[in-house]
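The following exercises concern the sequence and model shown below. Each task is followed by a worked solution.

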Amino acid sequence: MFLQSQRQREEILKLILENESVDSSVDLVDVSKETDGFSGSDLREMCRDAALLCVRDFVHAQNDSVSEDFIRPIHQNDMQKAVGKMKKSKTAGGHGVLQHAALD
């Protein structure tokens, strides 16, 4: 399996997230450094998990009140949580087997 360099991972992250709402404070250079050993598929799954955190917050907000009617952008801490989840999944599963761990 071919693993990308830090710069290549940064470019892959940009492509994956280009049509997503991402907060301007998100540092993809930092995220790409944290994802050493991740495949393109790992990066895609990680970004999906980060986006799902935003959706989960939206759903919880709808249950609580009528406060916000939009899904917030992906923040740096969403990316960090998703990186952590993917790292746990990779170490637990070994050979590319995904373990579905809760993000909460």
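**Exercise 1: a surface patch**

V59 lies in helix α3, which spans residues 40-64; helices here are DSSP runs of H or I with at least four residues, numbered from the N terminus. The model is predicted, so that local features need pLDDT of at least 70 and side-chain atom pairs pLDDT 80 or more, while totals for chains, interfaces and linings use all residues. Residues are numbered from 1 along each chain as its sequence is written, and side-chain values use heavy atoms, without hydrogens and water.

Task: determine whether V59 is buried, partly exposed or exposed, and which residues make a nonpolar surface patch with V59.

Step 1. Buried means under 20% relative accessible area, exposed means over 50%, and partly exposed lies in between (1.4 Å probe, protein chains only). V59 is partly exposed because its relative accessibility is 41%.

Step 2. A patch takes residues with over 30% relative accessible area and no salt bridge, joining nonpolar side chains (Val, Leu, Ile, Met, Phe, Trp, Tyr) within 5 Å and like charges within 9 Å. V59 makes such a nonpolar patch, of about 280 Å², with L52, V55 and I71.

**Exercise 2: the nonpolar core**

Task: state which elements give two or more residues to the largest nonpolar core.

Step 1. A nonpolar core is a set of buried Ala, Val, Leu, Ile, Met, Phe, Trp, Tyr and Cys residues joined through side-chain atoms within 4.5 Å. The largest one has 17 residues, of which L13, M46, I74 and M79 touch the most other members.

Step 2. The contributing elements are α1 (6-17), α2 (28-34), α3 and α4 (76-93). Helix α3 supplies the largest share, 6 residues.

Step 3. Leaving aside residues up to four places away in sequence, M79 touches L17, V26, V31, M46, C47, A50 and I74, where contact means heavy atoms within 4.5 Å.

**Exercise 3: salt bridges**

Task: identify the salt-bridge partners of R9 and D57, and locate each pair in the chain.

Step 1. A salt bridge requires a side-chain nitrogen of Lys or Arg within 4 Å of a carboxyl oxygen of Asp or Glu. The count by this rule is 12.

Step 2. R9 pairs with D36, with 3.7 Å between the closest N and O atoms. R9 is in helix α1 and D36 in the loop between α2 and α3, 27 residues apart. R9 is buried at 2%, whereas D36 is exposed at 61%.

Step 3. D57 pairs with R72 at 2.8 Å. D57 belongs to helix α3 and R72 to the loop between α3 and α4, 15 residues apart. D57 is partly exposed at 36%, whereas R72 is buried at 18%.

Terms used
Accessible areas come from the Shrake-Rupley method with a 1.4 Å probe; for residues, only the protein chains shown count as cover.
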